Amino acid sequence: MLEKSKAFSGFSVDDIQRARRFYGNTLGLKVAEENGLLHLHLPGGTNVLIYPKQNHTPASFTILNFPVDNIERAVDELTKNGVKMERYEGAIKTDEKGIHRGGGPLIAWFKDPAGNICSVVEQKAA
């Protein structure tokens with residue numbers, strides 16, 4: 001029944017204009033606004049809906065993962081653009097730059113202005 005449907009994901013924010021500036025200007029992604037909703041157009045043809053929610057609660061999990069060829073460069077560029085990388089201690093530990101280097105791919109997390117968690121994850125081109 002849905003095998004031909006072009007499904008898309010979505011998440012809420014507490015301020016659409018702040019989200020538009022963050023995803024469009026800070027991260028440099030293509031963003032379109034229509035009827036008070038944001039349409040995030042990701043490379044590769046994926047689209048994500050960002051919608052306002054008055055009683056928004058930030059996601060407690062990673063909502064978007066951005067594959068990058070070089071995590072060091074990605075983290076440096078994000079930091080230069082004012083993005084604060086998250087620091088974790090415990091089962092998942094990050095270094096001083098915010099990069100997790102313990103098992104699995106190299107990954108670093110950051111939050112959007114609404115507190116939702118995003119990541120950059122190193123994936124070498126095949």
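## Strands β1, β3 and β4

Val13 has Pro52 as its bridge partner in β4. That pair sits in a predicted model, and it belongs to a parallel pairing of strand β1 (residues 9–13) with strand β4 (residues 47–52), which runs over 5 bridges.

β4 also pairs with strand β3 (residues 37–41), this time in the antiparallel sense and over 4 bridges. Here Leu40 has Val48 of β4 as its bridge partner. β3 and β4 make a hairpin with 5 residues between the strands, and Gly44 in that hairpin takes a positive phi near 95 degrees.

## The open sheet

What is the order of the 4 strands in the open sheet? Reading across, you get β5-β8-β7-β6, and the pairing is mixed. β5 and β6 stand at the edges with a single partner strand each, so one side of each has no neighbour in the sheet. As general background, strands of a sheet pair through backbone hydrogen bonds, either parallel or antiparallel.

Start at the β5 edge. β5 runs parallel to strand β8 (residues 117–122), and the two pair over 6 bridges. Within that pairing, Pro67 has Val121 in β8 as its bridge partner. Next along, β8 pairs with β7 in the antiparallel sense over 5 bridges, with Trp109 standing opposite Ser119 in β8. The hairpin of β7 and β8 has 5 residues between the strands, and Gly115 takes a positive phi near 90 degrees there.

At the other edge, β6 and β7 pair in the antiparallel sense over 2 bridges, and His100 stands opposite Ile107 in β7. These strands form a hairpin too, with 6 residues between them, and Gly103 in the turn has a positive phi of about 80 degrees. As for β7 itself, 4 of the 5 residues of this strand (residues 107–111) are buried, so β7 is largely enclosed by the rest of the structure.

## Ile92 and the loop before β6

Ile92 lies in the loop between α2 and β6. Is Ile92 exposed, partly exposed or buried? Its relative accessibility is 42%, so Ile92 counts as partly exposed.

Once you leave aside its neighbours within four places in sequence, Ile92 is in contact with His100 and Trp109. Both names have come up already: His100 stands opposite Ile107, while Trp109 stands opposite Ser119. If you want a distance for this loop, the C-alpha atoms of Ile92 and Ile71 are separated by 17 Å, with the two residues 21 apart along the chain.

## Salt bridges

The salt-bridge count comes to 8. In general, side chains of opposite charge can pair when their charged atoms come close. One of these pairs is Asp14 with Arg18, where the closest N and O atoms are 3.1 Å apart. Asp14 is partly exposed at a relative accessible area of 44%, and Arg18 is partly exposed as well, at 32%. Another is Lys93 with Glu89, at 3.9 Å from N to O; with a cut-off of 4 Å, that pair still qualifies. Glu89 counts as exposed, at 63% relative accessibility.

Then there is the salt bridge between Lys97 and Glu72, at 2.7 Å from N to O. Why does this pair tie together parts that are apart in sequence? Lys97 lies in the loop between α2 and β6 (99–100) and Glu72 in helix α2, so the salt bridge joins parts 25 residues apart in sequence. Lys97 is partly exposed, with a relative accessible area of 23%, and Glu72 counts as partly exposed at 29% relative accessibility. The two also belong to a network of salt bridges that links Glu72, Asp76, Asp95, Lys97 and Arg101.

## The largest pocket

The largest pocket holds about 410 Å³ of space. Its lining is made of 17 residues, and Leu27, Leu29, Phe66, Val68 and Val120 lie nearest its centre. By type, the lining divides into 12 nonpolar, 3 polar and 2 charged residues.

Which element gives the most to the lining? That would be β5, with 5 residues. β5 (62–68) and α2 (71–80) each supply at least two residues of the lining. So the pocket brings back two elements met above: β5 is an edge strand of the open sheet, and α2 is the helix that holds Glu72.

How values were computed
Residues numbered from 1 in each chain as written. Predicted model: local features only at pLDDT ≥ 70, side-chain atom pairs only at ≥ 80, totals over all residues. Heavy atoms only, no water. 1 Å grid on protein atoms, 1.4 Å probe; cavity = no way out; pocket = protein on both sides within 12 Å on 5 of 7 lines; lining within 4 Å. Points joined across faces, edges and corners; volume = space filled by probe spheres on them. Nonpolar A, V, L, I, M, F, W, Y, C, P; charged D, E, K, R; others polar. Salt bridge = Lys/Arg side-chain N within 4 Å of Asp/Glu carboxyl O. Buried < 20%, exposed > 50% of the residue type's maximum accessible area, 1.4 Å probe, protein only. Pairing = 2+ DSSP bridges. Contact = heavy atoms within 4.5 Å.
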